[in-house]
Amino acid sequence: MKKLFSLLIITALSLSLCSCDALDGIKGIFAPDNDDEQTAAEPAPPGEITAGMTDFDIYNPLTTSSDTVSDICGFIFEPLFGMDVNMHIYGVLASSYEPDSDGRGMTIHLKQGVFWHDGRDFVAADAVYTTNMIKNGGTRYDKLVEPIESIWAVDNYTVYARFRRAVPNGAALFTFPIIRNGSMWETMPIGTGPFYMDYKGDLAAYDWHFGEKAAIDKIKIKQIPNMQKLLSLFDASVIDYASSEILDFSNYMPKSNSRVVDYVSNDMVFVGFNTLSAVFSDTAARRAVSYLIDRDNIVSNIYYSRAAASEYAINPSSYAAFDASKRHGADSDAAVMLLDEAGWKPNNNGVYVKTGKGTYFSVRILVNSESEERVRIAEELAEGMTALGMRAVVDKCGAAAFSSRLDAKNYDMFIGETELLPGGDITPLAATGYNCMGYSDAAVDTILAQLGTLNSEEDISSVSQMLYTKLWEDSPFAVICFLKRGIAVTSRLVWGVEPSVTGYVRYTEGWYVQ
C-alpha cells in the first residue's frame, strides 16, 4: 500500500510537469502571490499552517541559498542525528553510533524500515552520497564535514566514517539533511520526513513516516516577493512562523497573538590573543584582560539581551556546561593583582611595564569594522584597559583584511565571532596547529583527543570541565557570550516548536496546531 501511495504521488507530479521543463514547472507553482491587499489572516482550516518563502531557487536542502527554502526543507528532509536545546544527541535516521577507541572514526547504525516519499528504501548509500556531495563543497553544511576524511557503507544499514583528527561528539557532525542517492533535482523534492510535497506544491503529512505521524495535516507554502512583505504577513498572522534570519529580535516586538521561541546558538563572541606577541606571550597579561571584560554589561547594552554571557567556550545551554564562578562582571582588582604577581609594574606615567624586560603593555585591538557590536566591544574594552594602565587602541578594518591579518598573526588581540560545530568541538580554537593565536599546549591536545573517544554524557561532562578549566587558566582567548537565535510563531502553533543549533525547523512531527 505504501509503495502504491508513493507511486501515485510521483505520477501526479509527473503529469503536473509534463507540458514544460521540470524546473520551470516548479518555479511556476511558486510564483509570487498577488495578494498585497491582504492585511489580515483568514481563518485557517483546522490542522493547517502557512509557511512563507522568498527567493525560491531549488528545493535542495544542501545548496539552496534561501533561508526560507532551507526552513521548508526541514519539514521534508531529515538528518542522521539531531540535537535538542540542551545539546543532547538523538538518532533520527540513525539508531546508534560507536566512536573508535582513538576518536578518529565512528560506526553509525541506521534505522531500518525507513522509506523515501517515493517508496524506495532508505539505505547507507544515501548517507554516503549526501556526505560526499557536501565534501565536494559549495553547500550550506561544508563546515560540518571538514573533519570527515572518508565515509563508506559497510552494509545497507551501517556506515563508517573516518575523521582527520579526534572529534568530540562526532555524531553531531551528521546533523545535516540526507538526500537520496543520485538525486538530480529535476522534479519535486523527495525526502524521508514527516511531510511530502503534493502536486500543488504544498506539504502534507506523510502517513507512512517511520516515526509518529505529524500532528499538522497540511502546510501551505506562500511565495512572497521580499522579506519586508514576509514580515508584514507574519504580523498579520497570514504566515505562521518567521526565524531570526528574517526578524531582528533585538528590536522586533511580537504582537499579542505571537511568541518567540529562543535558543542559545553556537555563535560565540570572544577576545583572541596573539600568544606569540611581546605582551600576550605572558599568560598573566591575557588573564588580566579577561578580568576586565564586563560580560553582563555587553550582553545587556550591546546585544540587548540577545546573548548569554559565558566565560567558557561551551554553549551555556549544553548539558555539559558549567560555571563555577558565575562572575560575569569586570574585576579590575583581580586584574591588578595578576599583573603585579607576574612582574608588571606601572611606570611614572601609569603605564604597565614588565619588570626586567622593559616591555610596555601597549596593544592594538583588531576588529572587523563591519560589525557594529564588535566595534563597540573593542572600544569599551580599550577604554577600560587604558584607564587601568594598559595602553590599548582600536584597529578597525574590513572583513577581508581582518581575516588576512589573523592568518598572518598581524595583531595583538582581536574581537572575534565564530560558530562552533554542533557538538561543541573547539579544536579549531585550541588545538596545536589549528588556531590562529599561536597557542599550543600538550595537555589541551590530549584532552581534546580523549573527548573524541567518549560516548557517555557523564564522561563528556567530566572531561569537558577539565578542558575548559585548563583553557581559562591559560586564556589563549577570552569568551564573552553566545548569541541567541529564535523563531517567532503565531498562536496557531501551540506546542512542539523547539529550535536548536541544528535548525529552526526541527522534529516537525511534534509541532501541534490549535
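**Asking the model how it knows**

Modeller: Just after H6 comes Ser237, and its phi is positive, near 60°. Keep in mind that this is a predicted model.

Colleague: Fine, let's stay with H6. Which residues of helix H6 are buried or exposed, and what is the cut-off?

Modeller: The cut-off for buried is under 20% relative accessible area. In H6, residues 227-235, the residues that come out buried are Lys229, Leu230, Leu233 and Phe234.

Colleague: How do you know where those residues sit around the axis of H6?

Modeller: Their arc around the axis is only 140°, so they belong to the same side of H6. That fits the usual geometry: with 3.6 residues a turn, residues three or four places apart point the same way.

Colleague: What do the buried residues of H6 pack against?

Modeller: Quite a list: strands E1 (48-53), E10 (218-223) and E11 (241-243), helix H3 (67-76), plus E12 and E20.

Colleague: What makes Asn226 a cap for H6?

Modeller: A side-chain oxygen of Asn226 is 3.2 Å from the backbone nitrogen of Gln228, at the N-terminal end of the helix. The limit for a polar contact is 3.5 Å, so that pair passes.

Colleague: On to E12. What makes you call strand E12 mostly covered?

Modeller: The strand runs over residues 258-273, and 13 of its 16 residues are buried.

Colleague: How do you know that E12 and E20 pair?

Modeller: Pairing takes at least two bridges, and E12 has 12 with E20 (residues 477-490), so they count as paired; the two run antiparallel. E12 also pairs with E19 (residues 413-419), again in the antiparallel sense, over 7 bridges. Gly272 is a good residue to click on: its bridge partner in E20 is Phe477, and in E19 it is Phe414.

Colleague: Now the little sheet. Why are E14 and E16 called edges?

Modeller: The sheet is open and has 3 strands in the order E14-E15-E16, with antiparallel pairing. E14 (344-346) and E16 (359-360) each have a single partner strand, so one side of each has no neighbour in the sheet. E14 meets E15 (residues 352-354) over 3 bridges, and Trp344 is opposite Lys354 in E15.

Colleague: Why is Arg295 called buried?

Modeller: Its relative accessible area is 0%, and the cut-off is under 20%, so the label holds. Arg295 belongs to helix H8 (residues 295-301).

Colleague: What does the side chain of Arg295 reach?

Modeller: The backbone oxygen of Val479, at 2.7 Å. The backbone oxygen of Ser310 is 3.3 Å from a polar atom of the Arg295 side chain. With the limit at 3.5 Å, the Ser310 pair therefore counts as a polar contact. Leaving out residues up to four places away in sequence, the residues Arg295 touches include Glu311, His328 and Trp472.

Colleague: Over to H13. How do you know which side of H13 its buried residues are on?

Modeller: In H13 (residues 442-451), the buried ones are Val444, Ile447, Leu448 and Leu451. Their arc is only 100° around the axis, which puts them on the same side of H13. Ala442 and Thr446 are exposed, on the face turned away from that buried side. The cover over the buried residues includes helices H12 (427-430) and H14 (457-474). At the start of H13, a side-chain oxygen of Asp441 comes to within 2.9 Å of the backbone nitrogen of Ala443.

Colleague: How many cavities does a search of the whole structure find?

Modeller: There are 6 of 30 Å³ or more. The largest cavity has a volume of about 210 Å³. It is lined by 23 residues, and closest to its centre are Asn169, Ile314, Gly423, Gly424 and Tyr468. H13 and H14 are the elements that give two or more residues to this lining, with H14 giving the largest share, 4 residues.

Colleague: And how much space lies in the largest pocket?

Modeller: About 1,200 Å³. A pocket is an open set of points, whereas a probe in a cavity cannot get out, so the two get separate names. Of the 48 residues lining the largest pocket, Tyr141, Val501, Thr502, Gly503 and Tyr504 are closest to its centre. H3 supplies the largest share of the lining, 5 residues.

Notes:
Residues numbered from 1 in each chain as written. Predicted model: local features only at pLDDT ≥ 70, side-chain atom pairs only at ≥ 80, totals over all residues. Heavy atoms only, no water. Buried < 20%, exposed > 50% of the residue type's maximum accessible area, 1.4 Å probe, protein only. Arc of directions from axis to C-beta. Contact = heavy atoms within 4.5 Å. Polar contact = N/O pair within 3.5 Å; in protein donor to acceptor, adjacent residues only side chain to side chain. 1 Å grid on protein atoms, 1.4 Å probe; cavity = no way out; pocket = protein on both sides within 12 Å on 5 of 7 lines; lining within 4 Å. Points joined across faces, edges and corners; volume = space filled by probe spheres on them.
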